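Reader: I'd like a close look at the empty spaces in this protein, and at the cysteines too while you're there. Could you walk me through what lines what?

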Amino acid sequence: MMKKIQKNSRRHPLYAKNGMVITGNVLASQAGLQMLMQGGNAIDAAIATAAMLTVVEPTANGLGSDCFAIVWIHEKLYGLNASGKSPALLSKEKVLHKHQDHLQMPKYGWTPVTVPGAVSGWQALSKRFGKLPFAKLLAPAIEAAKHGFPLQQETARLWLKAIQNAKSNWQEPCFDAWFSTFDLPVEEGKIVKLPQIADALEKIAKSGGESLYTGQLAQRIEEESIKYGGFLRESDLEQHQVEWVEPLFINYRGYQVYELPPNGQGITALMALNALACFDGENPDLPHTHLRIEAIKQAFAYAKRYISDPKAMNIDPSLLIDAKVGQEMASRISLEKAGNDWLRPYGSGTVYLCTADREGNMVSMIQSNYMGFGSGIVVDGVSLQNRGADFSLDENEINFLCPNKRTYHTIIPGFLCKAGKAIGPFGVMGGYMQPQGHVQVITNLLDEHLDIQESLDAPRWMWLKDNELEVETDFDPDVIQDLKQRGHLVKIQEEYSRFGRGQILFRLENGVYMGACESRTDSNISCY
């Protein structure tokens, strides 16, 4: 028997009538709110927030990021995949030739750099659904980068850690631009200016985003890539296109939980929830935490086997969330002991945001440089992601490295509906923690019946590999003991950033918005 999660949150959800913006930084949330106050909609607010986050939280994202979004507008859900592909010149043979001491993709430098998709995602969202001029949406970010902004506490902490790591590991000349851009005297409350990022944002704003793909920034990226033996070229940037996709969903406890289809790993959360739907989530005699961990293991086993660029997948993703698959997964879960399966986690750096306007439009959006500052490569203020580090060099794996291929992607926006009506967006950041965080937030809401703030604040677990598990310092000791008795190898982890950072924004039946933000970081809600 396992105890239910205790309602121990000291924060409360906030409510607003006309609009709401939630993300991990107060200045970014306010940038989005400015757009709402100036006649923009939730999509405009999301773009302004995303742009501002590349300035005020560069520890997790940048102008070289990817992004994904789920948009509720005109009583319908739309999915956007703005992730970039591998360079046309990149192959296993070239990686092994360049990195003869590596048996897998390197994490840093030019080799794992893929085409940056975030700016193209902003463009696409603005063109299809936005109301305000594109350049106006980037104005708050340009102002902050050019004239300075105060550092928030958690951003400063992670920035200092990144500088220490960079000084220890990034000795090659290709990283010099990172140091000239980001090796600053960092402390919370200190005013920071990022003139290189301001310049890049101005070029992007004036060109409607095209500078990064066909203009001056694209040319500079190719020049630097060739100079340091990279594989990315201007032609890769020019050929990049976003994809509008149909979100996938499962029914869970009377609600529809939506995620985007692969190459993202959102379907992993859906597979785990599908298995958990086979158990009574309110039965006090069931080992609920154990079941959720085991469901995630089953889901990641499927993810490793099947998820990659949809063009490379040999199965229709919708088949993976069929009820019969959920039943098969549930049947393999032992109530008494932990099982063994796959996961090889990397750290990550990601930002999540959600927005809503007075018309009822809502956006769930996420963007990331992947591992903190990403590849460590910066070109004229554009910090490039290292998403290619997730490619496999094993030809037998579905995520095998090929030219012009999207890799397995960790960042996932979520959305909840009921009976065809939007409830609202939710998300949890953190690499391979993300589907685990989505499962924990949804089960906290729909099985534990916690409110949205309690669902975020509840102590989290993170499965690593085999039977290895980490839990937060305030995790219930009785549950820890129960997990150990079932064969889980539990470690108490003091680094709270490992357990993800989330936000939730729901719309009540009377049209009022209810928001919750993450206690593990500098999250903030702006609303009116």
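**Cysteines, then the gaps**

Author: Let's begin with the cysteines. The closest cysteine sulfur to that of C354 belongs to C517, and at 9.6 Å it is too far away for a bond. Keep in mind that this is a predicted model. C527 has a similar story to tell: its closest cysteine sulfur is again in C517, 10 Å off, which is too far for a bond. A disulfide here needs two cysteine sulfurs within 2.5 Å, and by that rule the count is 0 disulfides. As for where these two side chains sit, C354 is buried, with 0% relative accessibility, while C527 is partly exposed, with a relative accessible area of 30%.

Now for the gaps. Rolling a probe the size of a water molecule over the atoms shows where empty space is left. The structure has 2 cavities of 30 Å³ or more.

Take the largest cavity, which holds about 40 Å³ of space. Its lining is made up of Y252, R253, L276, F279, D280, G281, H288, L291, R292 and D447. Sorted by type, that lining comes to 4 nonpolar, 2 polar and 4 charged residues. Which element gives the most to the lining of the largest cavity? That is helix α12, spanning residues 288-306, with 3 residues.

The second largest cavity has a volume of about 30 Å³. Around it you'll find F68, L260, P261, G264, G266, I411, I412 and P413. There are no charged residues in that lining, just 6 nonpolar and 2 polar.

Next comes a pocket, the second largest one, with a volume of about 630 Å³. It is lined by 24 residues, and A422, I423, R507, L508 and E509 are the ones nearest its centre. The lining splits into 14 nonpolar, 3 polar and 7 charged residues. Four elements each put in at least two residues: the strands β14 (414-418), β15 (421-428) and β19 (502-507), along with helix α14 (433-446). Of the contributors, β15 gives the most to this pocket, with 3 residues.

Two other spots may be handy while you have the model open. One is helix α9, which covers residues 216-227 and has 12 residues. From its first C-alpha to its last it reaches 17 Å, close to the 16 Å expected at 1.5 Å a residue. Its buried residues are L217, A218, I221, E224 and S225. Looking down the axis of α9, you'd see those buried residues fall within an arc of 130°, so they line one face of the helix. The general background is that an α-helix has 3.6 residues a turn, so residues three or four places apart point the same way.

The other spot is E336, in the loop between α13 (323-331) and β10 (349-356). Is E336 buried or exposed? It counts as exposed, at 58% relative accessibility. Compare its position with that of M20: E336 and M20 are 316 residues apart in sequence, and their C-alpha atoms are 44 Å apart in space.

Conventions
Residues are numbered from 1 along each chain as its sequence is written. This is a predicted model: local features need pLDDT of at least 70, side-chain atom pairs count only at pLDDT 80 or more; totals for chains, interfaces and linings use all residues. Side-chain values use heavy atoms; hydrogens and water are left out. Buried means under 20% relative accessible area, exposed over 50%, partly exposed in between (1.4 Å probe, protein chains only). On a 1 Å grid over the protein atoms alone, a cavity is a set of points where a 1.4 Å probe fits but cannot get out, and a pocket is an open set with protein on both sides within 12 Å along at least five of seven lines; lining residues have an atom within 4 Å of a point. Grid points are joined across faces, edges and corners, and a volume is the space filled by probe spheres set on the points. Ala, Val, Leu, Ile, Met, Phe, Trp, Tyr, Cys and Pro count as nonpolar, Asp, Glu, Lys and Arg as charged, and the others, Gly among them, as polar. The expected span of a helix is 1.5 Å times one less than its number of residues. The arc is that of the directions from the helix axis to the C-beta atoms.
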